[in-house]
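Thanks, everyone. Please have a look at the structure on the screen. I'll take you through a few spots.

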Amino acid sequence: MRGVDVEERPLVLIWELTQACGLTCKHCRADARPERHPDELTTAEGKRLLDQAADFGDGQLVVLSGGDPLVRDDVTELVEYGTRQGLGMTLTPSGTESLTPERIEALQDAGLRRMALSLDGGDADSHDAFRGESGSFEATLAAAEAARETDLPLQINTTVCAETVDQLPAIRELVADLGAVMWSVFFLVPVGRGRVLTQISPDRAERVMEWLHEVSESEPFGLKTTEAPHYRRVTIERERDGEAGENDGLQRRTGIRAGQGFAFVSHTGEMYPSGFLPESAGNVRSEGVVDLYRESALFQRLRDDSALEGKCGACPYRGVCGGSRSRAYAATGDPMGSDPLCSFVPDEYDGPLPATHGERVPTD
Ligand code: SF4
């Protein structure tokens, strides 16, 4: 998927199959509840959505998420259908006992390309406390082992906030031990139940990202951040330091952020730039997902770097980063404002700074 033109198609299209889930995780964006919503997209509507997703082009990645997508009994059918349309189907189930080896094997037989499991603690006590369910840690490890036995590529997702940040080294060990191909590190955006959690400071985020960069260079698994595109700035700065200024890194390909390489379809069909930016461009029941991504005013504005405001608008890294539009929206109600988790301040910028802003980060 390298070289994807994010004006034309998302790198990742997420479909929230349901908000129903047996867990009550502290960070839950979806405010998940035990019951399914009566107005969820049906199986037939979902297949129509997958047909449209295939129009983005070959190998379009689709993530089936929730809630717990396995609450629905049509998940395997949808994975098989999407795979037949040429989509790369992946799944983010919840770590519960319903995620049996038999179910994982059936999903893989249906064509599932990758399964992502969440680990928010390095041991049962910390993970289960965060997930609100005793036994979730063991169920997650058992599912990871089952994925390994069937050669299904595994991704581990981790939420970074004040409550979890000290667990990161232990989780890193687990990611390696489980043979995961990818560690996806999500920096908390305070929406849904996540509003009760505490974001780390911009300075702490900077140190975590520097550490993540070192991890990425020493571990065999891939590493990506979610809702923290300034990880790309940190990476560029670290690499530039190592290359004696040979390359400023600003010519790299466009960064992925909400509405730019990323799109989210809710359980009722609303098309959002991300699951953490609840502004709808329209509903896939009445409008095409490709048109909404390419043509809607909301998505076009989010892809317009010249529309960025605050220090993100003045930043030399805005092309490769651009800041988390979701976090700007959560903090200010304006999706084009400054990302309050980034501590970088452009040299020439003398406008207002987010209240969370820490010390200036030197660039050279
Ligand atoms: S100021 Fe904004 S655009 Fe610049 S690195 Fe930070 S988050 Fe990215």
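How many residues surround the ligand, and which are the closest? There are 13 of them around the ligand. The closest are Cys312, Cys315, Cys321, Gly323 and Cys342. Two elements give two or more residues to that shell: α8, residues 230-242, and α11, residues 310-313. By residue type, the shell divides into six nonpolar, three polar and four charged. One caution before I go on: this is a predicted model.

Next stop, helix α2. This helix spans residues 75-84, and its buried residues are Val75, Leu78, Val79 and Gly82. Where do they sit around the axis? They cover an arc of only 100 degrees, so they are on the same side of α2. What do these buried residues pack against? Their partners are two helices and two strands by label: α1 (43-54), α3, β2 (61-65) and β3 (88-91). After α2 comes Gly86. The phi of Gly86 is positive, near 95 degrees.

Now to α3, one of the elements that the buried residues of α2 pack against. Helix α3 covers residues 101-109, and Glu102 lies in it. Is Glu102 buried or exposed? Glu102 counts as exposed, because it has 8 C-beta neighbours inside 10 Å, and the cut-off for exposed is 12 or fewer. Finally, look from Glu102 across to Ala146. Along the chain, these two residues are 44 residues apart. Their C-alpha atoms are separated by 8.8 Å.

That's my tour. Over to you.

Terms used: Residues are numbered from 1 along each chain as its sequence is written. This is a predicted model: local features need pLDDT of at least 70, side-chain atom pairs count only at pLDDT 80 or more; totals for chains, interfaces and linings use all residues. A residue is near a molecule or strand if its C-beta atom, placed from the backbone, lies within 6 Å of it. Helices (H or I, at least four residues) and strands (E, at least two) are DSSP runs, numbered from the N terminus. Ala, Val, Leu, Ile, Met, Phe, Trp, Tyr, Cys and Pro count as nonpolar, Asp, Glu, Lys and Arg as charged, and the others, Gly among them, as polar. A residue is buried if 20 or more other C-beta atoms lie within 10 Å of its own, exposed if 12 or fewer, and partly exposed in between; C-beta atoms are placed from the backbone. The arc is that of the directions from the helix axis to the C-beta atoms. Two residues are in contact if their C-beta atoms, placed from the backbone, lie within 7 Å.
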